[in-house]
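Please look over the sequence and the model before reading on. The paragraphs that follow lead from one residue to the helices, hollows and loops around the chain.

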Amino acid sequence: MKFFGLKTRIIIGEGSLRYVQSIARNYERVMVLSSKSMRIHGFLNEVMDYVEEAGADVDAMEGLPAEPDYEDVEELIPRVKAFSPDLLIALGGGSVIDITKAVKVFYDAPELGFEEVAFFSRFTKPAKAIPKLKTPLVAIPSTSGAGSEVSAASVLRKDGVKYNLVSYEIAPEYAILDPRLPRTMPEDVARNSGLDVLVHGIEAYTTNSTTPFSDAMAIKAIKTVFKWLPLSVKGDEKAREKVHYAATMAGIAFLNARLGMCHSMSHKAAWIAPHGLLNAIFLPYVIEFNMKSEYARKKYAEIAREVGFNTAEELIEVVKEFNEMLGVPALSKVVNEDVFLLKVSEMADMAYADPLISFNPVEPSVDDIKELYRKAYYAE
C-alpha cells in the first residue's frame with residue numbers, strides 16, 4: 001500500500017509574500033529565522049511589516065549559516081524560548097528552512113536529545129520518534145533547489161557528519177513561493193540549486209518507491225529544468241520563476257518517492273563543494289551504474305523520451321552535455337587528488353550506510369560506491 005499526501009499549503013505568485021499577513025492574524029508572537037541576504041534585499045523587513053500589520057508581535061534572528069550544524073540549533077533555542085513564539089517563519093534557502101525545522105522540534109519537545117531522533121545510518125533506527133509538534137511553520141524559500149519547503153526532512157551536521165531528522169511533523173504548514181526572492185540569487189547559486197532540482201526529479205522518478213503522482217511531479221520538474229535553467233542562470237526573470245516552482249514540484253516528488261544513491265554520495269562528499277554541484281557531477285555515473293536494473297533502464301528511457309531523446313544511454317549524454325553547457329567543473333578541478341583519495345574509503349562507507357541507499361533501484365556495495373567516486377574524479 002502506498003500513500004500520497006501533502007501537508008503543506010502552497011501559495012505562489014508575484015507578491016505572494018503578502019500572504020504572511022493573512023497567516024499571522026491567527027497568532028500572537030511570530031519568530032522569523034532568516035538568512036542575511038533577506039535583510040539586505042529588504043524581504044525580512046517586508047515580512048516583519050506584514051506580521052506587525054496583522055497585529056502580532058514579531059522578532060527576527062538573521063544571518064543563519066548556509067551549512068547548519070546542530071550546534072547552531074542549540075545556540076538559537078534559548079532566544080526562541082525567551083520570545084515564546086506561536087508561529088515560526090523560515091525565510092531563506094534550504095538550509096535556513098532545515099535549521100528552522102530543527103528549532104521547531106527542540107523548541108516544542110525540549111526533552112528530546114538530537115541523537116535520539118536523528119537518522120545517521122539505514123541500519124539503525126532512532127531511539128525515539130518525533131512526537132506531535134504544536135508550533136506551525138511557514139517556509140519561504142529564497143533559492144530554488146532544496147525542496148525543503150514541502151519536505152518532511154531536515155539535514156543537519158553534527159561533528160562534521162550529516163544527519164537527517166525525518167517526520168511529517170516537521171513538514172511546513174505553509175510554503176510561500178514569491179518569484180521576487182529567487183531573482184536575488186547569484187549565478188552560481190541559481191545554477192547549483194537548479195541542478196539539485198534536476199537530480200531530485202531524476203532520482204525521485206527512478207527509486208523503488210515511486211507512485212504515479214510522484215512521477216508526474218518529477219517529470220514536470222525535470223522538463224522545466226532542462227528548458228529554463230540555462231536562462232535562469234543568466235538572470236531571466238521568467239526562467240527564475242519557472243525553476244522556483246519546479247524546485248517545489250521536485251520536493252513533492254521526493255517527499256513521496258524519496259531519493260537515491262546520487263544524494264547519498266553527495267551528502268558524504270559535502271566537504272568538497274556545494275551540494276547541487278556535487279549531485280550534477282555524480283549523476284551520470286550513478287545513472288550508468290543503475291542501468292543494470294531493467295526497471296531503472298526503463299525509467300531513464302522514459303525521462304529521455306520526455307526531453308526529446310530515446311534511450312537511457314542518451315540520457316547520460318544529455319546530462320553530461322547539460323553540465324558542460326552550464327560550466328559544471330570536473331571533480332578533479334575542485335578537490336586535490338591526494339586529499340580526495342585519502343577520504344574515498346570513508347565516504348564510501350558512510351554513503352553505503354546512508355538511509356537513501358535503501359530507495360536506490362540497485363543495491364550497491366561499498367566497493368561499487370568507491371569505484372563511482374573514483375570514476376567521477378577521473379571523469380571515466
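Leaving aside its neighbours within four places in sequence, with which residues is T224 in contact? In this model, which is predicted, the residues that T224 touches beyond those neighbours are L229, K242, V243 and A246. T224 itself belongs to helix 8, and because its relative accessible area is 9%, under the limit of 20%, T224 is classed as buried.

Helix 8 runs over residues 212-233, and its 22 residues, counted at 1.5 Å a residue, should span 32 Å, while the C-alpha atoms at its ends are 31 Å apart, which agrees with that expectation. Helix 8 nevertheless has a kink of about 45° at K227, shortly before the proline P230. Just after helix 8 comes G235, a residue with a positive phi of about 100°.

Helix 7, residues 187-206, can be examined by the same reasoning. Its 20 residues should span 28 Å at 1.5 Å a residue, and the value found between its end C-alpha atoms, 29 Å, agrees. Of these 20 residues 17 are buried, so helix 7 is largely enclosed by the rest of the structure.

Helix 7 also leads to the question of empty space inside the protein. Rolling a probe the size of a water molecule over the atoms shows where such space is left. When the whole structure is searched, 1 cavity of 30 Å³ or more is found, and the largest cavity has a volume of about 50 Å³. It is lined by 13 residues, of which E203, T206, V286, N290 and Y300 are the closest to its centre. Helix 7 and helix 11 each contribute at least two residues to the lining of the largest cavity, and the largest share, 4 residues, is supplied by helix 11. By character, the lining of this cavity divides into 7 nonpolar residues, 5 polar ones and 1 charged one.

Helix 11, which covers residues 275-290, appears again in the second largest pocket, where helix 11 and helix 13, residues 312-325, each supply at least two residues of the lining. The volume of the second largest pocket is about 260 Å³. Its lining is made up of 13 residues, and those that lie nearest its centre are Y285, N323, V328, P329 and A330. As in the largest cavity, where helix 11 gives the largest share of the lining, the largest share here comes from helix 11, with 4 residues. The lining of the second largest pocket consists of 10 nonpolar residues, 1 polar residue and 2 charged residues.

Two loops remain to be visited, and both are of interest for their backbone angles. Most residues other than glycine have a negative phi. S84, however, has a positive phi of about 60° although it is not a glycine, and S84 is found in the loop that joins helix 4, residues 70-83, to strand 4, residues 87-92. With a relative accessible area of 38%, which falls between the limits of 20% and 50%, S84 counts as partly exposed.

Where does R258 lie? R258 is placed in the loop between helix 9, residues 237-257, and helix 10, residues 261-268. Its phi is near 70°, again a positive value in a residue other than glycine. R258 is partly exposed, because its relative accessibility of 30% falls between those limits of 20% and 50%.

Definitions and conventions:
Residues are numbered from 1 along each chain as its sequence is written. This is a predicted model: local features need pLDDT of at least 70, side-chain atom pairs count only at pLDDT 80 or more; totals for chains, interfaces and linings use all residues. Side-chain values use heavy atoms; hydrogens and water are left out. The expected span of a helix is 1.5 Å times one less than its number of residues. The bend at a residue is the angle between axes fitted to the seven residues ending there and the seven starting there. On a 1 Å grid over the protein atoms alone, a cavity is a set of points where a 1.4 Å probe fits but cannot get out, and a pocket is an open set with protein on both sides within 12 Å along at least five of seven lines; lining residues have an atom within 4 Å of a point. Grid points are joined across faces, edges and corners, and a volume is the space filled by probe spheres set on the points. Ala, Val, Leu, Ile, Met, Phe, Trp, Tyr, Cys and Pro count as nonpolar, Asp, Glu, Lys and Arg as charged, and the others, Gly among them, as polar. Buried means under 20% relative accessible area, exposed over 50%, partly exposed in between (1.4 Å probe, protein chains only). Contact means heavy atoms within 4.5 Å.
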